[in-house]
Amino acid sequence: MKNTVLITGGTSGIGLALADRYLKDGNTVIICGKNEEKLKKTAEEHPGLETVFADVSFETDRIRLFETIKEKYPGTNILINNAGIQQRLDLTAMDWAVWKKEIATNFEGPIHLCGLFIPFLSGKENARIINVSSGLAFRPPVWVPVYGATKAGIHSFTFTLREQLKDKGIMVQEIVPPAVRTNLGGPGIHDNGADLDAFADSVYSDLLAGKEEIGFGFTNGTADRTRREMEEGARRR
Ligand SMILES: NC(=O)c1ccc[n+]([C@@H]2O[C@H](COP(=O)([O-])OP(=O)(O)OC[C@H]3O[C@@H](n4cnc5c(N)ncnc54)[C@H](OP(=O)(O)O)[C@@H]3O)[C@@H](O)[C@H]2O)c1
């Protein structure tokens, strides 16, 4: 079947690479981003790609994004929470506005969008929510401490979301990237990461196959290390 896919943060990196693959297979793809110039340029360079301006760190933008999707793309059946930022932070010198932005983008945004989209996706054919966490969800990164915490939180949330939606007809998948060569954190920071196309090809094929937790390289199976504890915890009240 052909899908209609919303990818948050699709103007570059992993989001754009996945957008290209869904497009190539004849799906309708909508990306959102917080930079209007970049959105326009991306749409020009990727014919067929639909765009919506929305900064997922703002509650009002998330609600507007949801309303736009409902109205303009009512057939949307896949939500990919991909938008993210990564900041090197010194925890002894707080700048709350900076820390808060990372929490709002990586953690609050995806959770709010899940809540908004669940009733809308419910009952749709091949309905899916796909959240992008990180290998750093499982290995606390001292250099990007708030980032690591948001990603550990998104992993936990995605696990419980899958449990709660088990009989509701919405598949919940998690992408757990290792370091991938994108501009995350600023140009050059991830130059030693995995090749973006090799990563995206592998992840896309695992997504289509319905795999629940999708790693690449060292993040393959990384979540299994704590699975027993998480499953026990998920069933406890
Ligand atoms: N690359 C890695 O090594 C790696 C590893 C683990 C996990 N990840 C995760 O993969 C996801 C994608 O990252 P990437 O590596 O592809 O980095 P990227 O190339 O920097 O892409 C991030 C995307 O998110 C968008 N974005 C950022 N803040 C946003 C906001 N507030 N509202 C809407 N869009 C926003 C950016 O677009 P605009 O700036 O145009 O809005 C951009 O399209 C992130 O969640 C990241 O944490 C990446």
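**Note on helix packing and the ligand shell**

1. Helices H1 and H6 lie oblique to each other, a class left over once angles under 35 degrees are called roughly parallel, over 145 roughly antiparallel and 65 to 115 roughly perpendicular. The angle between H1 and H6 (residues 196-208) is about 55°, and their axes are 10 Å apart. Such axes are lines fitted to C-alpha atoms, for helices over the stretch in contact, with angles from 0 to 180 degrees between N-to-C directions.

2. The model is predicted: local features need pLDDT of at least 70 and side-chain atom pairs count only at pLDDT 80 or more, while totals for chains, interfaces and linings use all residues. Residues are numbered from 1 along each chain as its sequence is written.

3. H1 crosses H6 in the right-handed sense (the near helix is turned clockwise from the far one by less than a right angle; anticlockwise would be left-handed). On the H1 side the contact involves Gly 13, Ile 14, Ala 17, Leu 18 and Arg 21, and on the H6 side Leu 196, Asp 197, Ala 200 and Tyr 204 (C-beta atoms, placed from the backbone, within 7 Å). Six of the residues in this contact are nonpolar, one is polar and two are charged (nonpolar: Ala, Val, Leu, Ile, Met, Phe, Trp, Tyr, Cys and Pro; charged: Asp, Glu, Lys and Arg; polar: the others, Gly among them).

4. A second helix pair is H3 (residues 59-72) and H4 (residues 96-121), whose axes come within 10 Å and cross at roughly 30°. H3 is therefore roughly parallel to H4. This crossing, too, is right-handed. H3 contributes Glu 59, Arg 62, Phe 66 and Lys 70 to the contact, and H4 contributes Gly 109, His 112, Leu 113, Leu 116, Phe 117 and Phe 120. By class, five of these residues are nonpolar, two polar and three charged.

5. The ligand is surrounded by 32 residues, the closest being Gly 9, Gly 13, Gly 84, Ser 134 and Thr 182 (C-beta atom, placed from the backbone, within 6 Å). Two elements, H1 (13-24) and strand E2 (28-33), each give two or more residues to this shell. H1 supplies the largest share, three residues. The shell holds 19 polar, 10 nonpolar and three charged residues.

6. The chain contains seven helices and seven strands (DSSP runs numbered from the N terminus: H or I of at least four residues, E of at least two). Their order from the N terminus is β-α-β-α-β-α-β-α-β-α-β-α-β-α.

7. The C-alpha trace spans about 45 × 40 × 35 Å along its principal axes. The radius of gyration is 17 Å, which agrees with the value near 18 Å for a compact globule of 237 residues (taken over C-alpha atoms; the rule is 2.2 Å times the number of residues to the power 0.38).

Methods: Contact = placed C-beta atoms within 7 Å.
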